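Student: I have a new structure to read. Can we go through it step by step?

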Amino acid sequence: MGTFLRWFGISSDDNRIDQATGLTEKQKKLVQNTWAVIRKNEVASGVAVMSAFFKKYPEYQQYFNAFKDIPVNELPDNKRFQAHCASVITALNNVIDSLHDPGLMEASLIGLAERHKKRGQTKEEFQNLKDVVFEVLRQALGKQFTPEVAEAWNKTLDAAFTKIYQVYSS
């Protein structure tokens, strides 16, 4: 039966759940394939995420000395802002690239969470960022953001942010 299903591009492994991430192989592929759209222009994608974040939560911009006093509508042209935005996408790239190596993903996220915790960022701020990332993904992917893709992304972000929250709980 497996050979027959593979002939149609369906693998029985596609529905196997990875216990570390909670994602099926099919969901991992959906996330990686849709992330390729975002990855085409990492700076612009990062600017979209961080601009949306600061528009929804303007108080968070004050944490960034390099651009805390710049009007939010001028931020996309600011190179320091762009550099930070690229680093946000790089962190997400690390998550997506390590979906098949949960230990690597965990190590990367622990380091990220420890750095942000030392700077005084809170679990709530990460939760707010997670919500903004999901919304920006939905907007950027348009019709590609099907219910199946939404579920895969929700699980991916839940897995990643759960690791971040564990650092905040310790």
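Student: Where does Lys130 lie?
Tutor: This is a predicted model, so every value here is computed from it. In this model, Lys130 belongs to helix H6.

Student: Is Lys130 buried or exposed?
Tutor: Buried means under 20% relative accessible area. Lys130 has 10% relative accessibility. The value falls under that cut-off, so Lys130 counts as buried.

Student: Which residues is Lys130 in contact with, leaving aside neighbours within four places in sequence?
Tutor: Set those neighbours aside first. A contact then needs heavy atoms within 4.5 Å. For Lys130 the partners are Leu157, Asp158, Phe161 and Tyr165.

Student: How many helices and strands does the protein have?
Tutor: Read along the sequence, the pattern is α-α-α-α-α-α-α. Strands number zero. The helix count is seven.

Student: What is the radius of gyration of the protein, and what does the globule rule give?
Tutor: The protein has 170 residues, and for that length the globule rule gives 15 Å. The model's value is close to this, so the protein is as compact as a globular protein of that length. Its radius of gyration is 17 Å.

Student: What box do the C-alpha atoms fill?
Tutor: The box is taken along the principal axes. It is roughly 60 × 40 × 20 Å.

Student: What percentage of the residues count as buried?
Tutor: The cut-off for buried is under 20% relative accessible area. Of the 170 residues, the share that counts as buried is 42%.

Student: Which residues touch the most other members of the largest nonpolar core?
Tutor: This core has 45 residues. Those that touch the most other members are Trp35, Phe53, Phe54, Phe81, Trp153 and Ile164.

Student: Which helix supplies the largest share of this core?
Tutor: Helices H2, H3, H4, H5, H6 and H7 each supply at least two residues. The largest share is eleven residues. That share comes from H7.

Student: Where is Ile164, and is it buried or exposed?
Tutor: Ile164 sits in helix H7. Its relative accessibility is 2%. With the cut-off for buried at under 20%, Ile164 therefore counts as buried.

Student: How far apart in space are Ile164 and Leu112, C-alpha to C-alpha?
Tutor: In sequence, 52 residues separate Ile164 and Leu112. Leu112 is also in contact with Ile164, as are Leu109, Ala113 and Phe126. From C-alpha to C-alpha, Ile164 and Leu112 are 7.8 Å apart.

Student: What is the relative accessible area of Ala152?
Tutor: Ala152 lies in helix H7. Ala152 is buried. Its relative accessible area is 0%.

Student: Which residues does Ala152 touch, not counting residues up to four places away in sequence?
Tutor: One of them is 122 residues away along the chain, yet the C-alpha atoms of that pair, Ala152 and Leu30, are separated by 6.9 Å. The full set touched by Ala152 is Leu23, Gln27, Leu30 and Val31.

Student: Is Phe64 buried, partly exposed or exposed?
Tutor: Phe64 is found in the loop between H3 and H4. Partly exposed runs between under 20% and over 50%. At 21% relative accessibility, Phe64 therefore counts as partly exposed.

Student: Which residues is Phe64 in contact with, leaving aside neighbours within four places in sequence?
Tutor: Phe54 is one of them. Phe54, in turn, has contacts that include Tyr60, Gln61, Phe67 and Phe81. The partners of Phe64 are Met50, Phe54 and His84.

Student: Is Asp77 buried or exposed?
Tutor: The place of Asp77 is in the loop between H3 and H4. Exposed means over 50% relative accessible area. Asp77 has 67% relative accessibility, so Asp77 counts as exposed.

Student: How far apart in space are Asp77 and Ile17, C-alpha to C-alpha?
Tutor: Along the sequence, Asp77 and Ile17 are 60 residues apart. In space, the C-alpha atoms of Asp77 and Ile17 are 42 Å apart.

Student: How far apart are the centres of the positive and negative side chains?
Tutor: The protein has 22 positive and 20 negative side chains. Each set has its own centre, and the two centres lie 2 Å apart.

Methods. Residues numbered from 1 in each chain as written. Predicted model: local features only at pLDDT ≥ 70, side-chain atom pairs only at ≥ 80, totals over all residues. Heavy atoms only, no water. Helix = DSSP H or I, 4+ residues; strand = E, 2+ residues; numbered from the N terminus. Rg over C-alpha atoms; globule rule 2.2 N^0.38 Å. Buried < 20%, exposed > 50% of the residue type's maximum accessible area, 1.4 Å probe, protein only. Lys, Arg positive; Asp, Glu negative; His and termini not counted. Charge placed at Lys NZ, Arg CZ, Asp CG, Glu CD. Core = buried A, V, L, I, M, F, W, Y, C linked by side-chain atoms within 4.5 Å.
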